[in-house]
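The following note is offered for the file on this structure. Please read the points alongside the sequence and the coordinates.

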Amino acid sequence: VVARAVSAGRRVLMYGDETWLKLFPSSFVRSDGTTSFFVLDTKMVDDNVTRHVKPELDNNDWDVMILHYLGLDHAGHLGGTDSEIMLRKQLEMDDIVKQIYTKFGELGDGNSSQRQTILVLCSDHGMNTEGGHGGASEPETDAVAIFFAPPALQPRAPASDTIETSDDGSTAVGGKPAVTPSVAAPPYAATKRGEAFPVVWQVDMAPTLALLLALEVPAGNIGRLMPGALDHLELMQYLDALSANARQLQALVIQHTYDGKDLKRVYDEAEVSRRHCAHILQTHSPTLSHMRVSIVRQQHTERTSSGGSLGVGLLDSCGCVLEAEKRYVDYMDLVCGQLEDEQGAKYDMVGITLGLTVLAAAALNASVLALAICEPHDPPHTHTHTER
């Protein structure tokens, strides 16, 4: 995604873990790397990132800013998840997130010409209670991803099907103030934890970020859009984003040798649904296509939860977006599952097992050799001659 952003002329900044600079040399307009090897450092390693935040928030010459903080990871290694140092570091990170989010809200408040900015908070791994990671336990493999939309992009609660168009062309439903729904309910076939947050895969981050930046999805990615992450988009934009993700996955299907006729049929059905929905939106009203997905989803969730169904009002014409979304999601679930299975089948388990066996034997042999070298020998016998 970074490479595609730079190629597309996006101006990218990076402050934090110097690994980014090694992976993407000459890609950042401005950067300042910090080393990750001083695990005892939980302060300077983050202060060197934070000192750039406020100045850059006042600049408007960048499109993406990456902040990679290392202190939280270091705090875990030093004291574990329940330590005092971990609590202090979490509070520090909370305050930084608050500052950034508040600033984004101020920038977009009352200024329609100001680009709205989304804050993405994510981790690359979790940790166990001792602060370790790299194992297969759920606390270690469970990471977090939160998308903070500024207030201007949050949904309005529709009280009726009355659509009001203001002088500036913006759309309001029912004239109600902005509210945020407690639980979004996109129809993604993902496991739910506590009925609150969908569980997604880290490979889903690439297409989501790419489409948020209006970039092409990386060609080899086998992920799909994260549920709800693009609900701030207008309806036509969202349909185009779904189509772009599916089109990239279909290109992968074509590259593989297995029979993809069934997948092609599901893909074609989704594309037909999208074109049909686009025609409905453009036929009813030019303004309708500029409505945000969050409004339609909230209306649909409220009606279905109360036992109702979509009626025949003007707003209900937007329900075709959710129908098209479901077809795309069904397709992406099928193709991603098949691609994941195929990628897993490519592993040479016999070769991997043989290699691990050889490594284990070599390590055991080295240990025996080291013991033999370090084993103390009996001191040489000395003879004492007594002179008479």
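The numbered points below address a predicted model.

1. Asp17 merits attention as a charged residue without a partner. Asp17 belongs to strand S1, which covers residues 12-17. The residue is buried and yet takes part in no salt bridge; Lys22, the nearest side chain of opposite charge, lies 7.1 Å away. The side chain of Asp17 does make a polar contact of 2.9 Å with that of Thr19. With residues up to four places away in sequence set aside, Asp17 touches Thr34, Ser36, His68 and Leu70.

2. The salt bridges may be taken next. The count for the model comes to 19 salt bridges. One of the links is a network that joins Arg30, Glu56 and Asp61. Another pair is Asp47 and Lys43, whose closest N and O atoms are 3.0 Å apart. Asp47 counts as partly exposed because its relative accessibility is 25%, whereas Lys43, at 53%, counts as exposed.

3. Two further pairs lie within helices. Glu92 and Lys89 form a salt bridge in which the closest N and O atoms are 2.9 Å apart. These two residues are 3 residues apart in helix H6 (residues 84-108), so about one helical turn separates Glu92 from Lys89. Their surroundings are not alike in accessibility: Glu92 is partly exposed, with a relative accessible area of 27%, while Lys89 is buried at 4%. In helix H10 (residues 261-284), Asp268 and Lys264 are 4 residues apart, again about one helical turn. The salt bridge between Asp268 and Lys264 has its closest N and O atoms 2.9 Å apart. Asp268 is partly exposed at 31% relative accessibility, and Lys264 is partly exposed at 36%. As background to both pairs, an α-helix has 3.6 residues a turn, so residues three or four places apart point the same way.

4. Helix H10 may also be described as a whole. The helix has 24 residues and reaches 35 Å from its first C-alpha to its last, which is close to the 34 Å expected at 1.5 Å a residue. Its buried residues are Leu263, Val266, Tyr267, Ala270, Glu271, Ser273, Arg274, Cys277, Ala278 and Leu281.

5. Which residues have the most contacts inside the largest nonpolar core? This core has 43 residues, and those with the most contacts inside it are Leu230, Leu235, Leu249, Leu281, Val321, Tyr331 and Val335. Helix H8 (205-212), helix H9 (235-255), H10, helix H11 (293-305) and helix H12 (319-345) are the elements that give two or more residues to this core. H9 supplies the largest share, 11 residues. A second core, separate from this one, has 14 residues and includes Leu13, Trp62, Ile96 and Leu119.

6. Two residues illustrate the packing in further detail. Leu230, with neighbours within four places in sequence left aside, is in contact with Thr208, Leu211, Leu212, Leu225, Tyr238, Ala241 and Val293. Ala246 is placed in helix H9 and counts as buried because its relative accessibility is 0%. The C-alpha atoms of Ala246 and Met332 are 6.5 Å apart in space, although the two residues are 86 residues apart in sequence. Not counting residues up to four places away in sequence, Ala246 touches Tyr267, Tyr328, Tyr331 and Met332.

7. Is His125 in a loop or in a helix? His125 lies in the loop between strand S4 (119-122) and helix H7 (138-141). The residue is partly exposed, with a relative accessible area of 24%. Beyond residues up to four places away in sequence, His125 touches Asp73, His133, Glu140, Asp142 and Ala143. A polar contact of 3.5 Å joins the side chain of His125 to that of Asp73. Gln202 is 77 residues from His125 along the chain, and their C-alpha atoms are separated by 9.9 Å.

8. The partner of His125 in that polar contact, Asp73, leads to helix H5. Helix H5 comprises residues 71-79, and its buried residues are Gly71, Asp73, His74, Ala75 and Gly76. Gly80 follows H5 and has a positive phi, near 85°.

Conventions. Residues are numbered from 1 along each chain as its sequence is written. This is a predicted model: local features need pLDDT of at least 70, side-chain atom pairs count only at pLDDT 80 or more; totals for chains, interfaces and linings use all residues. Side-chain values use heavy atoms; hydrogens and water are left out. Buried means under 20% relative accessible area, exposed over 50%, partly exposed in between (1.4 Å probe, protein chains only). Lys and Arg count as positive and Asp and Glu as negative; His and the chain ends are not counted. A salt bridge is a side-chain nitrogen of Lys or Arg within 4 Å of a carboxyl oxygen of Asp or Glu. A polar contact is a pair of N or O atoms within 3.5 Å; within protein, one must be able to donate a hydrogen and the other to accept it, and residues adjacent in sequence count only if both atoms are side-chain atoms. Contact means heavy atoms within 4.5 Å. A nonpolar core is a set of buried Ala, Val, Leu, Ile, Met, Phe, Trp, Tyr and Cys residues joined through side-chain atoms within 4.5 Å. The expected span of a helix is 1.5 Å times one less than its number of residues.
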